[in-house]
Structures are given as structure tokens and as C-alpha cells.
Amino acid sequence: MKIWLLRHAKTEKSALSGKDFDRKLAPQGVEQMKALQAFLSQISPPTLVLCSTAKRARQTAALIQTPTEIEFLDELYLASLSEIKSIIERYSSIDGIMIIGHNDGLSEFASWLLGDYFHLRTGELIIIDCQNLKSNELISQIGSIIFQFRGK
């Protein structure tokens, strides 16, 4: 199984509403996703995309224009390592899942899979190969990064 982790692109410092959930992408974030989309159009897409319902995550998903259907999950908003793991475990028959979400949970989950500290920056994508395991068989230190990209 391959797990794609994409942290939402660069955002505004605050939203008009004052709510973190409502923050939009900054112009730099839009450019980051255009660069990523150009690359992604050249490789096979994930089987499933799961995305936080926060505005910045939805905008990130829209900009990468994946041909894969996207499921929007409220529980991915600021999800922890254990919450992300639990969500992924529901999809044991899927061999390629992309999560579009937030830190600190995404970085903690990546670190757990890799067995070493990893910090996802805004607009960064990593693809982790989990050695042909199904999502409900994931264990710590089983993954290795096979791809990493971050637009400027």
C-alpha cells in the first residue's frame, strides 16, 4: 500500500471570520499547488483521496485536480496520528490513499510510519510505500519515502 500525505498549501494568517477552519490559501499556496498539479498529471493517481473539510484543505484538493474521487471528512480537520491511522484502517482494500490535511497530525503519522522524525511543510507531498501491507496492517517503522515534492 502507498500512502500519500499532502499538507494543505500555504495559507492566509487569518480568516475574516476569525476561525482557523475558514482560512483560505495565500497566493503562494495557489502557486505551490499549480506546481504540484503539473507533476501529478504525469504519474498514476492514488486510488482514493480523503480530505479535511477545512477551507484551505478543500482549496488544495481543488487545485491539484486529481482524477480520483475525493471524500471530504470532518474528522480530518486537525486529526491526530491515531485518528489518521484509524481513518486509513477503514479502507483495507485500497492500495493507494491520499490524505489532504493538517499538522501536527500528518507529520506525526509520517514519523510513525517512517520510524524517524519527519515534518511536513505547507504544500508538501510525500508518498510512503508500506511494503505491500493493507491499511489495517500498518505498523510503526514499516514505511519508506518513495517520493517527496514541495513547490516554492
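# Exercises on Ser52, the sheet and its helices

Leaving aside residues up to four places away in sequence, Ser52 touches Ala57, Arg58, Phe72, Leu73, Leu76, Tyr77, Ile100, Gly101 and His102; contact means heavy atoms within 4.5 Å. The model is predicted: local features need pLDDT of at least 70 and side-chain atom pairs count only at pLDDT 80 or more, whereas totals for chains, interfaces and linings use all residues. Residues are numbered from 1 along each chain as its sequence is written, and side-chain values use heavy atoms, with hydrogens and water left out.

**Exercise 1.** Determine which element holds Ser52, whether Ser52 is buried or exposed, and which side chain its own side chain joins in a polar contact.

*Solution.*
- Ser52 belongs to strand E2. Helices (H or I, at least four residues) and strands (E, at least two) are DSSP runs, numbered from the N terminus.
- The relative accessible area of Ser52 is 0%, so this residue is buried. Buried denotes under 20% relative accessible area and exposed over 50%, with partly exposed in between (1.4 Å probe, protein chains only).
- The side chain of Ser52 meets that of His102 in a polar contact of 2.8 Å. Such a contact is a pair of N or O atoms within 3.5 Å; within protein, one must be able to donate a hydrogen and the other to accept it, and residues adjacent in sequence count only if both atoms are side-chain atoms.

**Exercise 2.** Establish the strand order of the sheet and describe the surroundings of E1.

*Solution.*
- The open sheet is formed by 6 strands in the order E3-E2-E4-E1-E5-E6, with mixed pairing. Its edge strands, E3 and E6 (144-150), each pair on one side only. From one strand to the next, the twist averages 20 degrees.
- E1 pairs with E4 in the parallel sense over 6 bridges; strands pair if DSSP finds at least two bridges between them. In this pairing, Leu5 stands opposite Ile99 in E4.
- E1 and E5 run antiparallel and are joined by 5 bridges. Leu6 is placed opposite Leu125 in E5.
- E1 is largely enclosed by the rest of the structure, because 5 of its 6 residues are buried.

**Exercise 3.** Identify the buried residues of H3 and what they pack against, then locate H1 and H4.

*Solution.*
- H3 spans residues 81-89, and Ile84, Lys85, Ile87 and Ile88 are buried within it. Viewed down the axis of H3, these residues fall within an arc of 160 degrees, so they line one face of the helix. The arc is that of the directions from the helix axis to the C-beta atoms.
- The buried residues of H3 pack against strands E1 (2-7), E2 (48-52), E3 (70-73) and E4 (96-101), and against helix H4 (105-114).
- H1 (residues 27-40) lies across E1, E5 (124-129) and E6, running at about 130 degrees to E6. Axes are lines fitted to C-alpha atoms, for helices over the stretch in contact, and angles run from 0 to 180 degrees between N-to-C directions.
- H4 lies across E1, E4, E5 and E6, at about 150 degrees to E1.

**Exercise 4.** Summarise the secondary structure of the protein chain and state what share of its residues is buried.

*Solution.*
- The protein chain has 4 helices and 6 strands, following the pattern β-α-β-α-β-α-β-α-β-β along the sequence.
- Of its 152 residues, 49% count as buried.
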